[in-house]
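Visitor: I would like to take a close look at a single part of this chain and see how it sits within the whole. Could you take me through it slowly, one step after another?

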Amino acid sequence: LLDAEGVAQHPYLSKLGPDLLDPQVGWEQVLRQLRHPRFQRRALAQLLLDQHFLAGPGNYLRSEILIAAGLKPDMR
């Protein structure tokens, strides 16, 4: 297991987006990610699979999130 410094230095883990299971991650961080130029023009369904956007949700959670929020997968 890695401590915070180890994660920050890891070539893959350091590039992951905010962890949705972290209780300190709030909607503000998700909004910042949505507004980041890297993610602005992408469809929501694609973003929810991108671990650089948000760490955690996988394919089945992507569908559940979009259905619960009443959002279309191709919405940008």
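Guide: Gln 33 has its place in helix H2, and this is a good residue to begin with, in a model that is predicted. Gln 33 counts as buried because its relative accessibility is 15%, and the cut-off for being buried is a value under 20%. If we set aside residues up to four places away in sequence, Gln 33 touches Gly 17, Pro 18, Phe 39, His 52 and Phe 53. The helix that holds Gln 33, helix H2, covers residues 27–35 and is where confidence is highest in the chain, at a mean pLDDT of 92.

Two of those partners lead us further, since Phe 39 and Phe 53, which Gln 33 touches, both belong to the largest nonpolar core. This core has eight residues in all, the others being Leu 44, Ala 45, Leu 47, Leu 48, Leu 54 and Leu 66. Helix H3, residues 44–47, provides the largest share of the core, namely three residues. One of the core residues is Ala 45, and, leaving aside neighbours within four places in sequence, Ala 45 is in contact with Arg 62, Leu 66 and Pro 73. Of these partners, Leu 66 is itself listed in the core.

Gln 46 also lies in helix H3, but Gln 46 counts as partly exposed because its relative accessible area is 45%, a value that falls between the limits of 20% and 50%. The C-alpha atom of Gln 46 is separated by 22 Å from that of Asp 22, and the two residues are 24 apart along the chain.

Now let us turn to the loops on either side of helix H2. In the loop between helix H1 (4–9) and H2 we find Leu 20, which counts as partly exposed because its relative accessibility is 36%. Beyond its close neighbours in sequence, up to four places away, Leu 20 touches Val 30, Leu 54, Ala 55 and Pro 57. Leu 54, a member of the core, is 34 residues from Leu 20 in sequence, while the distance between them in space is 6.9 Å, C-alpha to C-alpha.

The loop between H2 and H3 contains Arg 42, and with a relative accessibility of 26% Arg 42 therefore counts as partly exposed. Not counting neighbours within four places in sequence, Arg 42 is in contact with Leu 47, Asp 50, Met 75 and Arg 76, and of these Leu 47 is a core residue. Pro 57, a residue that Leu 20 touches, is 15 residues from Arg 42 along the chain, and their C-alpha atoms are separated by 16 Å.

With these details in hand, we can step back to the whole chain, which has four helices and zero strands. Buried residues, such as Gln 33, make up 24% of the 76 residues. Among contacts between residues at least 6 apart in sequence, 43% join residues at least 24 apart. The C-alpha atoms fill a box of roughly 40 × 25 × 20 Å along the principal axes, and the chain exposes about 5900 Å², of which carbon and sulfur atoms supply 57%. As for confidence, the mean pLDDT of the chain is 88, and 100% of its residues reach 70 or more, although the value is lowest in helix H4 (residues 59–69), at a mean of 84.

Key
Residues are numbered from 1 along each chain as its sequence is written. This is a predicted model: local features need pLDDT of at least 70, side-chain atom pairs count only at pLDDT 80 or more; totals for chains, interfaces and linings use all residues. Side-chain values use heavy atoms; hydrogens and water are left out. Helices (H or I, at least four residues) and strands (E, at least two) are DSSP runs, numbered from the N terminus. Buried means under 20% relative accessible area, exposed over 50%, partly exposed in between (1.4 Å probe, protein chains only). Contact means heavy atoms within 4.5 Å. Accessible areas come from the Shrake-Rupley method with a 1.4 Å probe; for residues, only the protein chains shown count as cover. pLDDT is the predictor's confidence in each residue, from 0 to 100. A nonpolar core is a set of buried Ala, Val, Leu, Ile, Met, Phe, Trp, Tyr and Cys residues joined through side-chain atoms within 4.5 Å.
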